[in-house]
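Got the model open in your viewer? Keep the selection box handy, and we'll go from stop to stop.

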Amino acid sequence: MNCTTSVSVAPSRAQTDSIKAYLEGVTNSLLASLPDAANLSPSERRGIIARYTAVLEGNFIYWMTGAYLAARSEEARSIITDNLLEEVRDSHPAMLRRFVVAADALPTDTDAIAVAPDLNGVRLFIGRLSPVPILVTMAFFESWIQRFMAYLEELAMRQGSFENEYTQVHGVCDIAHSEGLFHALQAEMARASDSHESERSLYEGVHLLRALIESIFTGRSSMALAA
Ligand SMILES: [Fe+2]
């Protein structure tokens with residue numbers, strides 16, 4: 001994709017559909033890069049679960065809060081509020097902790113260090129509080145998580161775990177969440193219709209998040225590979 005093209009963020013359904021299609025392409029490519037769970041060693045399976053947890057447990061609510069603080073439209077704020085309410089009221093971090101303990105895959109310092117450089121990049125991006133790019137990033141994150149759950153659950157089951165509340169809630173039952181965030185994105189784009197975003201800035205958070213997800217998969221930072 002040409003990253004220098006300038007695109008209008010007019011509030012058209014066609015435009016959010018094209019963003020959705022782009023994000024689906026990124027998700028498909030990430031999922032296609034995953035090794036067959038049956039071919040992974042127990043240590044490799046544990047590592048993916050542990051690094052996923054190192055990223056999600058302490059950051060998802062924080063990043064969604066960043067999206068709330070950045071959003072300008074009432075509709076987007078209301079959708080994000082519902083999302084945050086569910087995260088906090090049902091304690092999704094506690095649900096994730098039960099999942100990771102049952103799979104005997106608690107993150108170690110090595111796991112935390114492996115994802116730290118790319119995690120930092122996403123944190124700094126969120127901190128800029130740019131409304132539309134954050135909404136694009138969180139819509140991507142929600143839809144990727146939802147589609148990654150079957151694989152994560154398979155890794156845990158192969159580790160001998162039968163605890164699947166977290167993966168069921170975020171996979172089978174969480175399709176509405178990602179749809180909601182696309183509505184929030186559309187509302188935010190309508191609000192920002194007088195501005196223009198380059199594709200580079202529109203997808204900056206998505207590219208940073210993609211690198212972070214790849215470090216969850218591989219245990220290596222994209223920054224270390226580039227060095
Ligand atoms: Fe959640």
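Start by selecting helix 3, residues 60-70. Its buried residues are Phe-60, Trp-63, Met-64, Gly-66, Ala-67, Tyr-68 and Ala-70. Now bring up what they pack against: helix 2, helix 4 (74-89), helix 6 (109-127) and helix 7 (131-158).

Before going further, colour by confidence, since this is a predicted model. The mean pLDDT of the chain is 90, with 89% of the residues at 70 or more. The exception to pick out here is residues 1-10, where pLDDT stays under 50. The model does have 21 contacts beyond four places in sequence for that stretch, but where pLDDT is low, the predicted coordinates should not be read in detail. Hide residues 1-10 if you like.

Next, the core. Select Ile-49, Ala-67, Leu-135, Val-136, Met-138, Ala-139 and Leu-212: in the largest nonpolar core, which has 60 residues, these touch the most other members. Which helix gives the most to this core? Helix 7 does, with 15 residues. You have already met Ala-67, one of the buried residues of helix 3.

Stay with Ala-139 and show its surroundings. Setting aside neighbours within four places in sequence, Ala-139 is in contact with Leu-23, Ser-178, Leu-181, Phe-182 and Leu-185.

Another of those core residues, Leu-212, takes you to a helix pair. Select helix 2 (residues 42-56) together with helix 11 (residues 204-218). Their axes come within 7 Å and cross at roughly 145°. On the helix 2 side of the contact, look for Ile-48, Arg-51, Tyr-52 and Val-55; on the helix 11 side, for Leu-212, Ile-216 and Phe-217. How many of the residues in this contact are nonpolar, polar or charged? The split is 6 nonpolar, no polar and 1 charged.

Move on to helix 5, residues 92-102, and highlight Leu-96, Phe-99 and Val-100, its buried residues. Turn the view to look along the axis: they cover an arc of only 90°, so they sit on the same side of helix 5. Among what covers them are helix 2, helix 7 and helix 8 (165-170).

Helix 5 also holds Ala-102. Is Ala-102 buried or partly exposed? It has 17 other C-beta atoms within 10 Å, and burial takes 20 or more, so Ala-102 counts as partly exposed. Draw a distance from its C-alpha atom to that of Phe-162: you should get 7.5 Å, for two residues 60 apart along the chain. Leaving out neighbours within four places in sequence, the contacts of Ala-102 are Ser-161 and Glu-163.

Last, a round of positive phi angles. Just after helix 5 comes Asp-104, with phi at about 55°. Then go to the loop between helix 4 and helix 5 and pick Ser-91. Its phi is near 45°, a positive value in a residue other than glycine. Ser-91 counts as exposed because it has 12 C-beta neighbours inside 10 Å. Finish in the loop between helix 6 and helix 7, at Leu-129. Leu-129 is no glycine either, yet it has a positive phi of about 55°. With 14 other C-beta atoms within 10 Å, Leu-129 is partly exposed.

How values were computed: Residues are numbered from 1 along each chain as its sequence is written. This is a predicted model: local features need pLDDT of at least 70, side-chain atom pairs count only at pLDDT 80 or more; totals for chains, interfaces and linings use all residues. Axes are lines fitted to C-alpha atoms, for helices over the stretch in contact, and angles run from 0 to 180 degrees between N-to-C directions. Helices (H or I, at least four residues) and strands (E, at least two) are DSSP runs, numbered from the N terminus. Two residues are in contact if their C-beta atoms, placed from the backbone, lie within 7 Å. Ala, Val, Leu, Ile, Met, Phe, Trp, Tyr, Cys and Pro count as nonpolar, Asp, Glu, Lys and Arg as charged, and the others, Gly among them, as polar. pLDDT is the predictor's confidence in each residue, from 0 to 100. The arc is that of the directions from the helix axis to the C-beta atoms. A nonpolar core is a set of buried Ala, Val, Leu, Ile, Met, Phe, Trp, Tyr and Cys residues joined through C-beta atoms within 7 Å.
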